[in-house]
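Colleague: Hello! I am new to this one and would love a close look at a single part of it. Could you take me through it slowly?

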Amino acid sequence: MESVVTTYGDLLKDPRWQRKRLEIFQRDDFACQHCGAKHKTLNIHHTKYVGEYPWQTPDKYLLTLCEDSHKIETNLKWCDIIQALDNAGVTRTVVFKIIQRYFFGTPN
Ligand SMILES: [Zn+2]
């Protein structure tokens, strides 16, 4: 595809994402939408990814969460994914390869 590697972290530094992020924080009154915390580091949680770039996701799929709630939400999601793959008969070895690729990228 492209010769320049753009990581997800790079994309989150993009001004278009920074602006979108601020809009969502303002909409959510700078409070975690799960626990109500206002004085913790806030993250934007994607409930769904739409489009190629993080800022293309419609606002309704973006949620302000504190770091702790975000961690819980993300882990819950992995539990659901692992459960679904288990139910589909995918072996744990394959499941963890998928997860490793998600976290650490594709080995070249
Ligand atoms: Zn929270």
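Which residues make up the largest nonpolar core?

Modeller: Happy to help! Please keep in mind that this is a predicted model, in which local features need pLDDT of at least 70 and side-chain atom pairs count only at pLDDT 80 or more, while totals for chains, interfaces and linings use all residues. Residues are numbered from 1 along each chain as its sequence is written.

The largest nonpolar core is made up of seven residues: C32, L42, I44, L62, L63, L65 and C66. A nonpolar core here is a set of buried Ala, Val, Leu, Ile, Met, Phe, Trp, Tyr and Cys residues joined through C-beta atoms within 7 Å. As for burial, a residue is buried if 20 or more other C-beta atoms lie within 10 Å of its own, exposed if 12 or fewer, and partly exposed in between, with C-beta atoms placed from the backbone. Strands β1 (42-46) and β2 (62-66) each supply at least two residues of this core, and β2 gives the most, with four. (Strands are DSSP runs of E with at least two residues, helices are runs of H or I with at least four, and both are numbered from the N terminus.)

Let us stay with β2 for a moment. This strand is mostly covered, as five of its five residues are buried. In a regular strand the side chains alternate between the two faces of the sheet. Both faces of β2 are covered: on one side sit L62, T64 and C66, on the other L63 and L65, and all of these are buried. The partner strand is β1, which pairs with β2 in the antiparallel sense over five bridges; two strands count as paired if DSSP finds at least two bridges between them. One place to look is I44, whose bridge partner in β2 is T64.

Now turn to C32, another member of the core. Leaving aside neighbours within four places in sequence, C32 is in contact with A37, K40, L42, T64, L65, C66 and S69. Contact means that the C-beta atoms of two residues, placed from the backbone, lie within 7 Å.

If you follow the chain back from C32, you reach two residues with an unusual label. D29 and F30 are both in the loop between α2 and β1. D29, just after α2, takes a positive phi of about 60 degrees, although D29 is not a glycine. F30 has a positive phi of about 50 degrees and is not a glycine either. D29 counts as exposed because it has 10 C-beta neighbours inside 10 Å, whereas F30 is partly exposed, with 13 other C-beta atoms within 10 Å.

Helix α2 itself covers residues 15-27, and its 13 residues should span 18 Å at 1.5 Å a residue; the end C-alpha atoms are 18 Å apart, which agrees. The expected span is 1.5 Å times one less than the number of residues.

Finally, here is the setting around the core. The protein chain has four helices and two strands, running α-α-β-β-α-α from the N terminus on. Of its 108 residues, 10% count as buried. Its C-alpha atoms fill a box of roughly 45 × 35 × 20 Å, taken along the principal axes. Among contacts with a separation of 6 or more, 54% come from residues 24 or more positions apart.
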